[in-house]
Amino acid sequence: MIIDTNVTLSRWPFRRLTGDEPAELVAQLRKHNVNQAWAGSFDGILHKDIAAVNARLAADCRTYGQDLLVPFGSLNPRLPDWQEDLRRCQEVHKMPGIRLHPNYHGYGLEDPAFAKVLRLATARRLIVQLALCMEDVRTQHPLVRVPPVELSPLADLVKNNPGVRLELLNCTPIIGVEQLQPISSAGEVYFEFSMVEGIGGVARLAERVSLERVLFGSNYPLFYFESALLKMQESGLPESRRNALFQENARRLLTV
Amino acid sequence: MLSRRTLLKSLGASCSLALAQGATAFPSASEVARFGPIWDAHCHLHLVPGGTPEERMTALIRFADRMGVERLILSQGYSAQMHLTPEQLREENDRVLRAVRRFPDRSFGSVYLSPSYLDFSLQEFDRCVRDGPMVGVGELEADKRCNVPELDPIVERAMAMKVPILQHTWLKIGGNEPGESSPDDLVELAKRHPQASFICAHTGGDWERGIRIIRGTKNIHAGIEGFDPTSGVVEMAVRELGAERVIYGSDVGGRSFASQLAKVIGADISDDAKKLILGGNLRRLLSPILQAKGCRR
């Protein structure tokens, strides 16, 4: 059984993907024994009507994956009255968390708006998924060049928000594992491994930030689902420790 | 040495345990067997744990065993430097020779050369390939782009021995490094040598452009290694080039076997196509030199 903490619904703006229809995505996840998938929306990256994005996400999760897909709404603190989106995510759509794309939404982590998002999300006991990037900067569309999120302010922000529950998605190799360690030490921060690279990369990440803080994530359908699965195999972790990554760590984050 | 039977047994045991615990996770032994022996066209010792070439290779083989990869084509040793002197190139080739010598049934070497040092490179080809155990040229990653005329004598030497050439290519949106080759550069070179066989390493990274660039040049194969496991890459390569022109490699240790194997195992293509990509095509390319050297496949 697997809890996949990083899947995304709707359309990737630059390419059609196998699995970008929700029924197809759910079928693929079930085939691989995923019993829960935390789902964001590609629309949340570039759309300005975030309220509609989140309503569609919640509806698709209900319609196609009632017992499987768990919606994580997009939040853009650069938009007017974004606090209402946060409220709806929790109170209307019953989402357990939100997903942020600071680099696509045009703010850095030093921006006071980000601190405010963390504060309000923590007060509501929402999980915050922070996507560090979406794709390799070297292969982006020439008119949409977006560098990864700059992480240096994050450790202090986590320290200043006791009780924050944070998951870093798409931990690109550009951001060295050594940068993740102080963030891990600062508080309740988890690391999803879909973009972790290098030989035995998942086991190395677990050594650096502790096994309890690493979460299974496929980045499906942008990535082949099998990549995450095979990374687990390559890690060589014993069965008991694999289960921590496959589901126990995510379950703990969800229920804290 | 890992026999195929031992490998499948070990994968099968791992899978059975997972199934028993309700955690179907990994491709089963029968799934792996379906694709035939997996050969990896693009491996390095860089970023692999260990002090010596032998230690690094031991670690690499341990990971290969976990993933069901039977053969590794090893090149470039493990220096992190990009622009090497002849002495450094020779040292890297020696590291590869040492690593391959430790695991002769699991690996082949491929010689690291540079068009910046033509005379040296021709001598090094002779030392490592003609008179030595290596079976390929590359990964070529030098401070001159591969369309320069200095590459021609190296390609001719490779053609004479019927060995394939693995050429590094990228199409970085912010611009390639000075001297870094692109698929366009490789097309220029390959058109000058239609009888030679080339593997376009990384297919330019920006694969939707890279595949189109090499499409019309039939002696170039698409190497799918060394970039993110973005969904659709192998499907497009097979659609546009045919499965016979697509070759699996990983670019370990900077990449994982896992993410790069997933591009093929997860692709929506036939099992026959997967067999070709995961080893069949590479064995076909290497067949003349392996026969000439009397190597068992």
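In this predicted model, helix α3(B) passes α10(B) in a right-handed crossing. Helix α3 of chain B spans residues 53–67, and α3(B) and α10(B) pack at an angle of about 35°, with their axes 11 Å apart. On the α3(B) side the contact is made by Phe63(B), Ala64(B) and Met67(B), and on the α10(B) side by Phe257(B), Ala258(B) and Leu261(B). By class, this contact has six nonpolar residues, with no polar and no charged ones.

These two helices also take part in the contact between the chains. There, 37 residues of chain B are in contact with 33 residues of chain A. Both α3 and α10 of chain B supply at least two residues each to the side of chain B that touches chain A. The largest share of that side, seven residues, comes from α10(B). Sorted by class, the residues of the side of chain B that touches chain A are 17 nonpolar, 13 polar and seven charged.

Helix α10(B), residues 257–265, is also among the elements that cover the buried residues of α9(B). The buried residues in α9(B) are Val233(B), Val234(B), Ala237(B) and Val238(B). They lie on the same side of α9(B), because they cover an arc of only 125° around the axis. The general geometry of the helix is relevant here: an α-helix has 3.6 residues a turn, so residues three or four places apart point the same way. Besides α10, the cover over the buried residues of α9(B) includes α8 (207–214), β7, β8 (246–247) and α11 (271–293) of chain B. After α9(B) comes Gly242(B), which has a positive phi, near 90°.

Ahead of α9(B) in the chain is Ile224(B), which sits in the loop between β7 (220–223) and α9 (233–241) of chain B. Is Ile224(B) buried or exposed? Ile224(B) has 29 other C-beta atoms within 10 Å, and a residue counts as buried at 20 or more, so Ile224(B) is buried. Leaving aside residues up to four places away in sequence, Ile224(B) touches Val233(B), Val234(B) and Ala237(B), among others. Val233(B), Val234(B) and Ala237(B) are also among the buried residues of α9(B). The other residues that Ile224(B) touches are Thr203(B), Val246(B), Tyr248(B), Gly249(B) and Lys263(B). For Arg255(B), 31 residues from Ile224(B) along the chain, the separation between the two C-alpha atoms is 12 Å.

The chains as wholes come next. Chain B has eleven helices and eight strands, and of its 297 residues 53% count as buried. Among contacts in chain B between residues at least 6 apart in sequence, those joining residues at least 24 apart make up 70%.

Chain A has eleven helices and eight strands. Of the 256 residues in chain A, 52% are buried. For contacts in chain A with a separation of 6 or more, residues 24 or more positions apart account for 74%. The C-alpha atoms of chain A fill a box of roughly 50 × 40 × 40 Å along the principal axes. How does the radius of gyration of chain A stand against what a compact globule would have, and what is its value? With 256 residues, a compact globule would have a radius near 18 Å; chain A has 17 Å, which agrees.

Methods:
Residues numbered from 1 in each chain as written. Chains lettered and ligands numbered in written order. Predicted model: local features only at pLDDT ≥ 70, side-chain atom pairs only at ≥ 80, totals over all residues. Helix = DSSP H or I, 4+ residues; strand = E, 2+ residues; numbered from the N terminus. Buried ≥ 20, exposed ≤ 12 C-beta atoms within 10 Å, placed from the backbone. Contact = placed C-beta atoms within 7 Å. Arc of directions from axis to C-beta. Axes fitted to C-alpha atoms, helices over the stretch in contact; angles between N-to-C directions. Left-handed = near helix turned anticlockwise from the far one by under 90°. Nonpolar A, V, L, I, M, F, W, Y, C, P; charged D, E, K, R; others polar. Rg over C-alpha atoms; globule rule 2.2 N^0.38 Å.
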